[in-house]
Amino acid sequence: MEDGKIISLFFERSEQAIEELNRKYGAAVKKTAANILDDRLDVEECVNDAYLRVWNNIPPHAPDPLVGYVCRIARNLAVNRYHANRAEKRGGNYALVLEEMEECIPSGVNIETEYDAKELGAAISRFLSTLKPEDRFLFVRRYWYADPVAELAVVTNGSANRISVRLFRLREKLKRSLMKEGFLA
């Protein structure tokens, strides 16, 4: 079913909208949450909460693209759940992703206002726009969707070592870019 039809079902307040959304994008939404969370029950809860948020937000919103919208909601919920779980224990794939990015992204403690956070986001977007499509794909899949390096290697027909080196170089390039724009000392 086309996204427009699914969104129409949401506007009609038809419960079939959730079924169609899950049928079309359920695997992507689940994978997004699972890349961040290790617990299957936490993943299922995040997916269900994401669908509830979509239900509550459409209408009035009519997101385009729908898959990005629902995956972003699932990702944000998963990150929140991850931090709640992390208060209890350490570890997992997402901890590694955060650790990799620590050197080139200022911590939340240094960003005191929402304006500064938006400026940082804009700087990262500008950086991403300078990358070749494959590098941008790798960066977004690793640091937004938290895809494992081994999975990225399979998708790009490369070795995990090669992907790790490329990601390291991309982080270094981001760090230099953020230093140049004054976000890092």
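**Close-up 1. Glu-100, a buried residue in helix H5 of this predicted model**. Glu-100 has a relative accessible area of 17%, and since buried means under 20%, this glutamate makes the cut. Its home is helix H5, which covers residues 93-101. Leaving aside residues up to four places away in sequence, Glu-100 touches Arg-142, Tyr-143 and Arg-171. Look for Phe-168 here too: Phe-168 sits 68 residues from Glu-100 along the chain, yet their C-alpha atoms are separated by 8.2 Å.

**Close-up 2. The buried side of helix H7**. Two of the residues touched by Glu-100, Arg-142 and Tyr-143, turn up again here, as buried residues of H7 (residues 133-143). Asp-135, Leu-138 and Phe-139 complete the buried set. Together they cover an arc of only 95 degrees around the axis, so they lie on the same side of H7. As a reminder, an α-helix has 3.6 residues a turn, so residues three or four places apart point the same way.

**Close-up 3. Helix H2 packing against helix H3**. H2 spans residues 16-34 and H3 spans residues 40-57; their axes are 10 Å apart and meet at an angle of about 130 degrees. That angle is why H2 counts as oblique to H3. The crossing is right-handed. On the H2 side, the contact is made by Ile-18, Leu-21, Asn-22, Gly-26, Val-29, Lys-30, Ala-33 and Ala-34. H3 brings Val-43, Cys-46, Val-47, Tyr-51, Val-54 and Trp-55. Sort these contact residues by character and you get 11 nonpolar, two polar and one charged.

Key: Residues numbered from 1 in each chain as written. Predicted model: local features only at pLDDT ≥ 70, side-chain atom pairs only at ≥ 80, totals over all residues. Heavy atoms only, no water. Axes fitted to C-alpha atoms, helices over the stretch in contact; angles between N-to-C directions. Helix = DSSP H or I, 4+ residues; strand = E, 2+ residues; numbered from the N terminus. Parallel < 35°, antiparallel > 145°, perpendicular 65-115°, else oblique. Left-handed = near helix turned anticlockwise from the far one by under 90°. Contact = heavy atoms within 4.5 Å. Nonpolar A, V, L, I, M, F, W, Y, C, P; charged D, E, K, R; others polar. Buried < 20%, exposed > 50% of the residue type's maximum accessible area, 1.4 Å probe, protein only. Arc of directions from axis to C-beta.
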